[in-house]
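Dear colleague,

I am passing on the structure below, together with some notes on what I found when going through it. Please read them with the coordinates open beside you.

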Amino acid sequence: MQEIKQALPFQLLGIDSDNGSEFINYHLKTFCDQNKIQFTRGRPYKKDNNAHIEQKNWTHVRKIFGYLRYDSAQAQRTMNDLYQNELPILQNLFLPSIKLNKKTRVGSKLKRRYDKPQTPLERLLNSPQADPVKTQELKRLRDKTDPFELAKRIEQTLERIYQMANHRISPSPQPTEPNVQPLTRVEKQTLSEISKIFGTPL
């Protein structure tokens, strides 16, 4: 939390978390009290309370790493390093996104209007709450960074992380022999009569 607080280009005023024990604990509560940070939480089993965060689970996690299992310390270190360095530079300084301005219902259809695409840095530059010193640092970083070279490095790192995934698959069950029961006397007589009628040996 201290690293996040120092990295943010604006003042951290509040945290609205979910109900996991990684957030709901005395350590984070004490940190928020000491730094005068408002600490609230969403309602249990109500994902819409943090809809924007749930959306980022796709764009910032699953879309990048997929659904493979990464359970080694080396994979964790590499993923954390990527999230702390190259990935936020690409996503915050170069990748534009659109924001929903309003929704209008026209008959049975819902019409959505969005603003023009902007990168998170461009939105930050238009915010009066932004820290001017950190904003200028981000602008200088953007100007001296080659986005294509950055994307290439990220792709190479993701390839290394993919090799660290746990690709073990549960063995498929072996096919069992069919449970063949011997024919009864009545079944044998029936097949014999059918054989005589059609002239086909069975």
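**Aromatic pairs and helix H4**

The count of aromatic pairs comes to two. In this predicted model, one of them is formed by Phe-65 and Tyr-70, whose rings lie 6.3 Å apart from centre to centre with 75° between the planes, so that the pair is edge-to-face, the angle being over the 60 degrees required. Phe-65 is buried, with a relative accessible area of 8%, whereas Tyr-70, at 21% relative accessibility, counts as partly exposed because buried means under 20%. Ring pairs also bring in Tyr-83, linking Phe-65, Tyr-70 and Tyr-83 into a cluster.

Turning to helix H4, which runs over residues 73–84, its twelve residues should span 16 Å at 1.5 Å a residue, and this agrees with the 16 Å that separates its end C-alpha atoms. The buried residues of H4 are Ala-75, Thr-78, Met-79 and Leu-82. These cover an arc of only 95° around the axis, which means that they sit on the same side of H4. In general, an α-helix has 3.6 residues a turn, so residues three or four places apart point the same way.

As for the surroundings of this helix, the buried residues of H4 pack against helix H3 (51–65), helix H5 (86–93) and helix H8 (147–163), while the face of H4 turned away from its buried side carries the exposed residues Arg-77 and Gln-84.

With best regards

Notes
Residues numbered from 1 in each chain as written. Predicted model: local features only at pLDDT ≥ 70, side-chain atom pairs only at ≥ 80, totals over all residues. Heavy atoms only, no water. Helix = DSSP H or I, 4+ residues; strand = E, 2+ residues; numbered from the N terminus. Expected span 1.5 Å × (residues − 1). Buried < 20%, exposed > 50% of the residue type's maximum accessible area, 1.4 Å probe, protein only. Arc of directions from axis to C-beta. Contact = heavy atoms within 4.5 Å. Phe/Tyr/Trp six-rings, centres within 6.5 Å; stacked < 30°, edge-to-face > 60°.
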